[in-house]
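Work through the exercises below with the structure open beside you. Try each task before reading its solution.

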Amino acid sequence: MISVIIVAYNEEEWIHSIIDELEKQDYSDFEILLADGGSNDHTVRLAHQRNIQVVSCRKGKSCQMNDAAKKAKGNVLFFVHADMRMPNTILSSIQERI
């Protein structure tokens, strides 16, 4: 399983886009976690509406990554940011190379 961890802080403008990108993947054995660094906008609410697991983290990208990694179930961690775009084959490509 691949754990996709979205590292976010106040990303309400982008959160739907990255979730849409991930839901289009041609690979299905993955989970999505939102590593939230204390957002004070609607990032967390929007992620919950999309049934994304939210991990409340300490501030700072490295802390967010580490805190979310502890909650991840996958044996592969793929860290992304809310404004990233990727091909719908990225997860299957990662799995093939591993």
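The exercises that follow concern a predicted model, and they go from the overall fold to single residues.

**Exercise 1. Describe the chain as a whole: how many helices and strands does it have, and in what pattern do they follow one another?**

Solution. Begin by counting the elements, which come to four helices and four strands. Next, read along the sequence, where the pattern is β-α-β-α-β-α-β-α. Then turn to the dimensions: the C-alpha trace spans about 40 × 25 × 20 Å along its principal axes. Finally, compare the radius of gyration with expectation: a compact globule of 98 residues would have a value near 13 Å, and the chain, with 12 Å, agrees with this. Of the contacts with a separation of 6 or more, 69% are between residues 24 or more positions apart.

**Exercise 2. Work out the order of the strands in the sheet, and explain which strands stand at the edges.**

Solution. The four strands form an open sheet in the order β3-β2-β1-β4, and their pairing is parallel. Because β3 (53-56) and β4 each have a single partner strand, they stand at the edges, and one side of each is left without a neighbour in the sheet. Neighbouring strands are turned by 30° against each other on average, with direction ignored. Now look at one pair in detail: β1 (residues 2-8) and β4 are joined in the parallel sense over six bridges. Within β4, Val76 is the bridge partner of Ile2, and Phe79 stands opposite Ile5. Helix α3 (residues 61-71) lies across β1, β2 (30-36), β3 and β4, and runs at about 150° to β1.

**Exercise 3. Follow the side chains along β4 and state which are buried and which are not.**

Solution. The general rule is that side chains in a regular strand alternate between the two faces of the sheet. In β4, Val76, Phe78 and Val80 point to one face and are buried. Leu77, Phe79 and His81 point to the other face and are not buried.

**Exercise 4. Identify the residues with the most contacts inside the largest nonpolar core, and the elements that supply at least two residues each.**

Solution. The largest nonpolar core has 22 residues, and those with the most contacts inside it are Ile2, Ile6, Ile18, Leu34 and Phe78. At least two residues of this core come from each of β1, α1 (15-23), β2, α2 (43-49), β4 and α4. Take Ile6 as an example: leaving aside residues up to four places away in sequence, its contacts include Ile15, Ile18, Leu22, Leu34 and Val80. Apart from this core lies another, of eight residues, including Leu33, Ala35, Val55 and Ala72. Over the whole chain, 44% of the 98 residues count as buried.

**Exercise 5. Explain why Cys57 and Cys63 are not bonded to each other, and state how accessible each of them is.**

Solution. A disulfide is a covalent bond between the sulfur atoms of two cysteines. The cysteine sulfur closest to that of Cys57 belongs to Cys63 and is 8.7 Å away, which is too far for a bond. A search of the whole structure accordingly gives zero disulfides. For accessibility, Cys57 counts as buried because its relative accessibility is 13%, while Cys63, at 22%, is partly exposed.

**Exercise 6. Locate Asp83 and determine how exposed it is.**

Solution. Asp83 is in the loop between β4 (76-81) and α4 (90-97). Its relative accessibility is 49%, so Asp83 counts as partly exposed. From His42, Asp83 is 41 residues away in sequence and 16 Å away in space, C-alpha to C-alpha.

Key
Residues are numbered from 1 along each chain as its sequence is written. This is a predicted model: local features need pLDDT of at least 70, side-chain atom pairs count only at pLDDT 80 or more; totals for chains, interfaces and linings use all residues. Side-chain values use heavy atoms; hydrogens and water are left out. Buried means under 20% relative accessible area, exposed over 50%, partly exposed in between (1.4 Å probe, protein chains only). Two strands pair if DSSP finds at least two bridges between them. Axes are lines fitted to C-alpha atoms, for helices over the stretch in contact, and angles run from 0 to 180 degrees between N-to-C directions. Contact means heavy atoms within 4.5 Å. A disulfide is a pair of cysteine sulfur atoms within 2.5 Å. A nonpolar core is a set of buried Ala, Val, Leu, Ile, Met, Phe, Trp, Tyr and Cys residues joined through side-chain atoms within 4.5 Å. The radius of gyration is taken over C-alpha atoms; the globule rule is 2.2 Å times the number of residues to the power 0.38.
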